[in-house]
Amino acid sequence: MRGPLQEPGEKEGQEEGAAAASGCPAGVREAKKGLDADSDSDQETEGARKPGELGKDTLYLRSCRAYSVVPASCFLRQGSAPELSLRHRGLGPQGARALAHALTSNPCIKRLDLRDNGLCGAGAEALAGALSRSCSICDVDLSENRLGAEGAQAICAALAVSPAVQRLQLAGNGLEEQAAQCLAELLLAHTGLKSLDLSYNQLNDQAGETLGPALAENTGLMELNVSWNHLRGLGAIAIARGLEANIFLRVLDISYNGCGDSGASAVGEALKTNNVLEELYMSNNRISAAGALSLGLGLRVNQTLRILAWGGCGQPREQKAVKGGQSRPSRTSLPAARALRTAPAGLGTSSLPGPQAAQEPPAAPTSPARGSLLPPSRTQTSL
């Protein structure tokens, strides 16, 4: 026989009594209720989708369980935001594999930042498949992930068939001359790539001789950063020859390479022909007065360069000289900032930052003659 009807309050009281008798705490009971509610909500959401279609969160969680990794809460909270930043999360190769499966189902992501996650070559290979199939991701940061030549080759091969990516950062990945070949192929194949960051790697002269001809033939790249590498004389000369023939590059950073006077002379020759470069960074390259003079001769002919940053040890990149104006204040030392330098013919002199420079015009140089350069340890040229 059916028993008498129970009121809702009586039913809940009986459930609580049974749970208390079994030793289940109240907090656990509430958590179970929340999980049941979330499950019902997920079922309702999945019911609204097409048959066989899974949401990105569900797909990501399943991938995390399959690869035995902890899900990244940032990805679960991503929603429709255009940027996914998972910096310093320690994803590793397994986490990259789990993430790659979910990236293909999220068309909202335009910028992917995975800096410093220890992805290594295996993780890069997993992400390469997702990048090759993505039509929305246009900005990728894979810096400081120990990719090596294997990871660089996988990423370059994926981007060669993915025209969506316009900005790629591979700084601090231990890239050597073995990775230069795939990077050169990327410069030739991917005409939609606008910015490439290869700083803080171990690219040597052989790598420079591989990248230089590719830079000469490239069509589309507008910003290249190869600072903090090992591009000495021959490597710097090859990059300079590539710059001479390139007609798209607007910004070039070859700081902290030790290219020496031979590299500076090659860049000076390139500036005589190149008519598109606007910003050039050459700080800390062991350039003497002779190399500075060769560079200055190129500046006398060039008409497009607006910013030139070069000098000796300790000068930060933030100190820039702007064509037709004063040097921008930076964190450089006060004596260096106040040092008055002469410049090649057609160029102005560097001015004093701060209130004094705004009130008084810069003093005219007294020596040497026009068209020559002083050999200071730190120089800031105003173009």
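This briefing covers an aromatic cluster, a pair of packed helices and a few loop residues in the structure above. The model is a predicted one. Ring pairs join Tyr-200, Trp-228 and Tyr-256 into a cluster, helices H5 and H6 pack with their axes 8 Å apart, and Ser-162 is a buried loop residue.

**Aromatic cluster**

- The count of aromatic pairs comes to three. In one of them, the ring centres of Tyr-200 and Trp-228 lie 5.3 Å apart with their planes at 10 degrees, so this pair is stacked.
- This pair links distant parts of the chain, since Tyr-200 sits in the loop between strand S5 (195–197) and helix H9 (205–217), while Trp-228 sits in the loop between strand S6 (223–225) and helix H10 (233–245), 28 residues apart.
- Trp-228 also forms a stacked aromatic pair with Tyr-256, with 4.2 Å from centre to centre and 10 degrees between the planes. Because Trp-228 lies in the loop between S6 and H10 and Tyr-256 in the loop between strand S7 (251–253) and helix H11 (260–273), this pair ties together parts that are 28 residues apart in sequence.
- Tyr-200 has a relative accessibility of 49% and therefore counts as partly exposed. The value for Trp-228 is 38%, which is likewise in the range counted as partly exposed, from 20% to 50%, and Tyr-256, at 26%, counts as partly exposed.

**Backbone with positive phi**

- Most residues other than glycine have a negative phi. Against that background, Tyr-256, found in the loop between S7 and H11, has a phi near 55 degrees, a positive value in a residue other than glycine.
- Glu-144 has a positive phi, near 55 degrees, although this residue is not a glycine. Glu-144 lies in the loop between strand S3 (139–141) and helix H7 (148–160), and with a relative accessibility of 39% this residue counts as partly exposed.

**Helix H5 and its packing against H6**

- Helix H5 (residues 92–103) has twelve residues, which at 1.5 Å a residue should span 16 Å, and its end C-alpha atoms are 16 Å apart, in agreement with that expectation.
- The buried residues of H5 include Gly-92, Gly-95, Ala-96, Ala-98 and Leu-99, and also Ala-100, Ala-102 and Leu-103.
- H5 packs with helix H6 (residues 120–133) at an angle of about 5 degrees, with 8 Å between the axes. Angles under 35 degrees count as roughly parallel, and H5 and H6 are therefore roughly parallel to each other.
- On the H5 side, the contact is made by Pro-93, Ala-96, Arg-97, Ala-100 and Leu-103, and on the H6 side by Ala-122, Gly-123, Ala-126, Leu-127 and Ala-130. The residues of this contact divide into eight nonpolar, one polar and one charged.
- An α-helix has 3.6 residues a turn, so residues three or four places apart point the same way. The H5 contact residues include Pro-93, Ala-96, Ala-100 and Leu-103, and among these Ala-96, Ala-100 and Leu-103 are buried.

**Ser-162 and its surroundings**

- Ser-162 is found in the loop between H7 and strand S4 (167–169), and at 2% relative accessibility this serine counts as buried, because the cut-off for buried is under 20%.
- Leaving aside residues up to four places away in sequence, Ser-162 touches Leu-131, Ser-132, Ser-134 and His-190.
- With Leu-131, one of these partners, Ser-162 has a C-alpha to C-alpha separation of 7.1 Å in space, while the two are 31 residues apart in sequence.

Note on methods
Residues numbered from 1 in each chain as written. Predicted model: local features only at pLDDT ≥ 70, side-chain atom pairs only at ≥ 80, totals over all residues. Heavy atoms only, no water. Phe/Tyr/Trp six-rings, centres within 6.5 Å; stacked < 30°, edge-to-face > 60°. Helix = DSSP H or I, 4+ residues; strand = E, 2+ residues; numbered from the N terminus. Buried < 20%, exposed > 50% of the residue type's maximum accessible area, 1.4 Å probe, protein only. Expected span 1.5 Å × (residues − 1). Axes fitted to C-alpha atoms, helices over the stretch in contact; angles between N-to-C directions. Parallel < 35°, antiparallel > 145°, perpendicular 65-115°, else oblique. Contact = heavy atoms within 4.5 Å. Nonpolar A, V, L, I, M, F, W, Y, C, P; charged D, E, K, R; others polar.
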